[in-house]
Amino acid sequence: MSDSMDRRSFLQTTAAAGLGVSLAPFSGFRQARDEPVRLGLIGVGARGTSHLRGLIQRDDVTIPAVCDVKSENLNRALDLVQQSGRPRPEGYGEGDRAYRGLLSRSDLDGVLISTPWLWHVPMAVEAMEAGVFVGLEVPAATTVEGCWDLVHTAERTGSHCMFLENVCYRRDVMAVLKMVREGLFGEPIHCRCGYQHSLLPYLFDENTSFGPGTGSVSSWRTEHYTKRNGDLYTTHGIGPVAHWLDINSGNRFERLTSTATKARGMHDHIVEEGGTDHPKADVNFAQGDIVTSTITTANGESIVMTHDTSLPRPYSMGFRMQGTDGLWTVDNQSVHVEGRSPAHRWEDWKQYQNEFDADLWSRYEEAAEGSGHGGMDYFVRNAFVESIKRDVAPPIDVYDAATWSVLSPLSERSIEQGGEPVAIPDFTDGRWMTDERSFDPDAEF
């Protein structure tokens, strides 16, 4: 494959030759079709139900089918659609492979997958093989092999997979993106990000327990902490940073090193809440309380990424964007721009937020209000739906999904090797050198 052939052109050519499906580049907007987008939802627990509530508010979406293996989740979703004045969808919930019945339908344009992490790859792969447009929740995969499976399937089938990383649409990080691209920070040098807040209330149920049969998240997510030791949730932080640094469009991640502290927070929480005789008090958690990863890029920047979810602390993504002419930091919402800010002093972020506010937010602020996660959920769902309506590649694609998600298993590998550097795969096969940007804070959607 020629390096001059970008990934979206590749998918377009593959689709035309193999499936006869036209996949236009994201940058070439098409007129939206008139008929509604027909979506199936796979997984309607807490996250999937949030997406469903947003989708049924749209006149340009219909929901013919919903799948969830938990009957209470499935029935709630079916009721929500019917109560909105729409036809009651067909439900699929008999066994772990019930989603295959949904994917066998001929009346779906896309599926939105919001299931436990280990199901993301098999479901997304089978959905792309079925020829539907996939919206995939985070993380896309938990293994290096799973990331490659997603990329290879998209290339082979010509189907699109949009990675539903909502933090890319956070209002302040989009304003920072505009400032980066307009050169206010000069040449990028260093970034920081992370997933930093106590998840203890979610990782355990009301009985301070976890595992099958417990609460929504505690039934599956906590198990990862017993078996894995790494940055388990990379994409919320690294997605915005990847856009700031033009990853996969003129730049790429090259190497990663990770270290982990000892594990104390999960055990201490069990003992404090349930006592030393609690059935889970003897669980040995593999996951270190704080994991610190350092990433280097082809263009010479460094990134420090932190995972910190099992100790008491306020919420923070830990964002910092620093260049040759200044920096922005999220924790004190402060900015310093050389030649514009007072010498050696911070400025309040608010005036910059107003000046560099993304056009997307200016246009759709009212529609985004109350949509979840401070409005971010509206934008990521809107991009998913609009990409299907216009038959174009999504602004956050399968290569982004793989590149951001692979950092998690690679962090585990580095920690296992005593903090040794590990190479980060180039999922674009060199096309990052010529690919154009696909994510634009001033885009139409």
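This section describes the overall dimensions, aromatic contacts and selected backbone features of a predicted model.

The protein comprises 16 helices and 15 strands. For a chain of 445 residues, a compact globule would be expected to have a radius of gyration near 22 Å, and the value of 22 Å computed for the protein agrees with this. Along the principal axes, the C-alpha atoms occupy a box of roughly 60 × 60 × 45 Å. Buried residues make up 59% of the 445. Of the contacts between residues at least 6 apart in sequence, 74% are between residues at least 24 apart. The exposed surface of the protein amounts to about 17,900 Å², of which 47% is supplied by carbon and sulfur atoms. The protein carries 41 positive and 64 negative charges, and the mean positions of the two sets are 1 Å apart.

Aromatic pairs number 19 in the structure. In one of them, the ring centres of Y169 and F379 are 6.2 Å apart and the ring planes meet at 10°; the pair is therefore stacked, as the angle is under 30 degrees. Y169 is located in the loop between strand 6 (161-163) and helix 7 (171-181), whereas F379 belongs to helix 14 (residues 376-390), so the pair ties together parts that are 210 residues apart in sequence. Y169 has a relative accessibility of 1% and counts as buried. F379, at 2% relative accessibility, counts as buried too. A further aromatic pair, W328 with W349, is tilted, with a centre-to-centre distance of 5.5 Å and an angle of 45° between the planes. W328 is part of strand 12 (residues 326-329), and W349 is in the loop between strand 14 (347-348) and helix 12 (350-355); the pair links distant parts of the chain, 21 residues apart. W328 and W349 are both buried. One aromatic cluster is formed by Y169, W361, Y364, Y378, F379 and F439; Y169 and F379, the stacked pair, are among its members.

Helix 10 is mostly covered, with 10 of its 10 residues buried. Among these are T235, H236, P240 and W244. Just after helix 10, D246 adopts a positive phi of about 60°. The loop between helix 10 and strand 8 contains N248, a residue other than glycine with a positive phi near 75°. N248 counts as buried, at 3% relative accessibility. S249 is placed in the loop between helix 10 (235-244) and strand 8 (253-260). With a relative accessible area of 14%, S249 is buried, since the cut-off is under 20%. Apart from residues up to four places away in sequence, S249 touches W432, D435, E436 and R437. S249 and V217 are separated by 32 residues in sequence, and their C-alpha atoms are 35 Å apart in space.

Two further backbone features concern other loops. V138 and P139 are joined by a cis peptide bond, with omega at about -15°. P139 is in the loop between strand 5 (133-136) and helix 6 (144-157). D391, which is not a glycine, has a positive phi of about 55°. This residue, D391, lies in the loop between helix 14 and helix 15 (398-405). D391 counts as partly exposed, with a relative accessibility of 28%.

How values were computed: Residues are numbered from 1 along each chain as its sequence is written. This is a predicted model: local features need pLDDT of at least 70, side-chain atom pairs count only at pLDDT 80 or more; totals for chains, interfaces and linings use all residues. Side-chain values use heavy atoms; hydrogens and water are left out. Helices (H or I, at least four residues) and strands (E, at least two) are DSSP runs, numbered from the N terminus. The radius of gyration is taken over C-alpha atoms; the globule rule is 2.2 Å times the number of residues to the power 0.38. Buried means under 20% relative accessible area, exposed over 50%, partly exposed in between (1.4 Å probe, protein chains only). Contact means heavy atoms within 4.5 Å. Accessible areas come from the Shrake-Rupley method with a 1.4 Å probe; for residues, only the protein chains shown count as cover. Lys and Arg count as positive and Asp and Glu as negative; His and the chain ends are not counted. The place of a charge is taken as NZ of Lys, CZ of Arg, CG of Asp or CD of Glu. Rings of Phe, Tyr and Trp (its six-membered ring) pair if their centres lie within 6.5 Å; planes under 30 degrees apart count as stacked, over 60 as edge-to-face and the rest as tilted.
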